[in-house]
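Got your viewer open? Take a seat and follow along, one selection at a time.

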Amino acid sequence: MDDQLKELFPFLRDRNPQVRQVALSNLVGQTAKESPYRNIFFEGLKGSGLQKPQETDLIRDLKLLCRDQPAAAHDAFRALVNLSDSILLIPFLIEPSFLAYLVSYILNPDAILADLASMLLSNITASPSACSILLSLKVPLVPSGPPQNSYYTPQSRSGSCPAPVPYPSGQPQDFLSLPLLIDAFIQGASIEQTGDEPKRARKGDLHFLSSVFANISTSPAGRLFFMTPRPTDPLNQGSILEFPLAKIVPFTEHQDIIRRGGVASTLKSCAFYAPSHKAILSPNIDFVTVPPSTVPAPGIDALPYILLPLAGPEELDFEVQEKLPSSLQFLPPSKKRESDSVLRLTHVETLLLLATTRWGRDHLRGHGVYEIIRGAHLEESVERVSEHMERLVLLIKGDEGPETKDDGNLLSKTEENHETSDDDDHKIEEV
């Protein structure tokens, strides 16, 4: 059977698009992890000694087919998503021209396979080397006129994403890709009401970009990106500054579990950096700096987005309601807690991290965190989540002494452990 499948490989380069599609449709099912013939896609990728592995014709063909007509491109993206759980493939997927195409394709609002491309980028960024490249990757954009701040990504042009007509007349300029991906992620969740029909801002939901952000934030450089002020509009360097993390935290209560889970993990990772605690918790009317940057930006005010998934419909005394952030006051009887225990644990762990600094503990005490956690603990059915809640309560309710007056260095060892932890953020998706 191996030999029969290999006979299809040359047809992936056939001039006839129907032939390419038929060959690929018969191969894509063999890329799944449980397929007994999956090994044929990795043959020839292993190096020996000091010799670097060379890209095979098959992998090169799959990458090229991502630019083919929609049916073939769909199967090519799907094949690479399934195969990208192997570290053997990563060096070829982060090759500059392909990575630039992948990011440019996701950024194009007319790309009909952007969700599959986002899933592939999520799997690729499970590799630290891929995250490092993406942090500095720039892609060319051409301004495309109204609506304001719209652009065209020339490198996204493909069979499933044709160039606009008329073609924009501006000159391409290189822009950092990650701020653009954050804006695309936000637009993916937006629906505009035009007339009687709702109109989506993009062809894709781009939920899996949240996993990309979560993967990037596991490194110190990634955390600094999210906690360093940048222009609100990536195309206008003169626009108001804000922390990139502030743009995505509102999605902790989104209906899609991938989106809210990736955002929760990103927030948790940023909380490992103790100097960022004040910026994470401060309201947006306060301007805060996060070293090593000396540039101030509005606070992220993330506490409501951490507590809302943990809050239930309990009735609280008026004195307690006044302590809570406004979005948590007088919640309706229909309010439900986060249904996924992993995400509940993630939010509690974030609060634990924020409570490792004296300023963070004081802020949590003054904003009703204990009361919310007490209600959540009464309803919690997962032992590990309950245990973390109890640890949090000990930190918040414990007495402060001289030895805890300045404890901003308590996260140093925790952060080191985070670098080597086996986290769900690196989970490989398969389709």
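Let's start with a salt bridge. Select Lys247 and Asp183: both are buried. Now zoom in on their side chains, where the closest N and O atoms are 2.7 Å apart, and you have a salt bridge. Lys247 sits in helix α12 (residues 244-248) and Asp183 in helix α9 (residues 177-188), so this pair ties together parts that are 64 residues apart in sequence.

Before you go further, remember that you're looking at a predicted model. Try colouring the chain by pLDDT: the mean is 90, and 89% of the residues reach 70 or more. Then pick out residues 408-422, where the pLDDT is below 50. Beyond near neighbours in sequence, that stretch still has 24 contacts in the model. Where pLDDT is low, though, the predicted coordinates shouldn't be read in detail.

**More salt bridges**

How many salt bridges are there? The count comes to 18. Select Asp68 and Arg20, another pair whose side chains meet, at 2.7 Å from N to O. Asp68 is in the loop between α3 (57-65) and α4 (70-83), while Arg20 belongs to helix α2 (residues 17-27), so the bridge ties together parts that are 48 residues apart in sequence. Are these two buried or exposed? Both Asp68 and Arg20 are buried.

Next, go to Glu380 and Arg344, which meet in a salt bridge at 2.8 Å, N to O. You'll find Glu380 in the loop between α19 (369-379) and α20 (383-397), and Arg344 in helix α17 (residues 341-354); they're 36 residues apart. Glu380 and Arg344 are both buried.

For a change from pairs, show Glu55, Asp57, Arg60, Lys63 and Glu95 together: salt bridges link them in a network.

**One face of a helix**

Now select helix α8 (residues 128-136) and show its buried residues, which are Ala130, Cys131, Leu134 and Leu135. Turn the view until you look down the axis of α8: these buried residues fall within an arc of 140°, so they line one face of the helix. What covers them? Switch on the surroundings and you'll see, among others, α6 (96-107), α7 (114-124), β3 (173-176), α9, α10 (209-216) and α11 (220-226).

**Rings**

Time for aromatic side chains. The whole structure has 9 aromatic pairs. Select Tyr101 and Tyr105: their ring centres are 5.7 Å apart and their planes are at 45°, so this pair is tilted. The two tyrosines are 4 residues apart in helix α6, which puts about one helical turn between them. Both Tyr101 and Tyr105 are buried.

Compare that with Phe213 and Phe226, an edge-to-face pair with 6.1 Å from centre to centre and 70° between the planes. Phe213 lies in helix α10 and Phe226 in helix α11, so the pair ties together parts that are 13 residues apart in sequence. Phe213 and Phe226 are buried too. Now add Phe185, Phe225 and Phe251 to your selection, and together with Phe213 and Phe226 you have one aromatic cluster.

Which charged residue sits over the ring of Phe251? It's Arg259, with its charged end 4.7 Å from the ring centre. Hop back to Tyr101 for another case: Arg67 lies over the face of that ring, at 4.1 Å from the centre.

**Backbone oddities**

Last stop: hide the side chains and check the backbone. Find Val165 and Pro166, which are joined by a cis peptide bond with omega at about 0°. Pro166 is in the loop between β2 (151-152) and β3. Then move to Pro291 and Pro292, where the peptide bond is also cis, with omega near 10°. Pro292 belongs to the loop between β8 (287-288) and β9 (297-298).

Two more residues to click on have positive phi values. Leu206 isn't a glycine, yet its phi is about 60°. Look for Leu206 in the loop between β5 (197-200) and α10; at 1% relative accessibility, Leu206 counts as buried. Asp301, also not a glycine, has a phi near 55°. Asp301 is in the loop between β9 and α15 (303-307), and with a relative accessible area of 28%, Asp301 is partly exposed.

Note on methods: Residues are numbered from 1 along each chain as its sequence is written. This is a predicted model: local features need pLDDT of at least 70, side-chain atom pairs count only at pLDDT 80 or more; totals for chains, interfaces and linings use all residues. Side-chain values use heavy atoms; hydrogens and water are left out. A salt bridge is a side-chain nitrogen of Lys or Arg within 4 Å of a carboxyl oxygen of Asp or Glu. Buried means under 20% relative accessible area, exposed over 50%, partly exposed in between (1.4 Å probe, protein chains only). The arc is that of the directions from the helix axis to the C-beta atoms. Contact means heavy atoms within 4.5 Å. pLDDT is the predictor's confidence in each residue, from 0 to 100. Rings of Phe, Tyr and Trp (its six-membered ring) pair if their centres lie within 6.5 Å; planes under 30 degrees apart count as stacked, over 60 as edge-to-face and the rest as tilted. A charge sits over a ring if NZ of Lys or CZ of Arg is within 6 Å of the ring centre and within 35 degrees of the ring normal.
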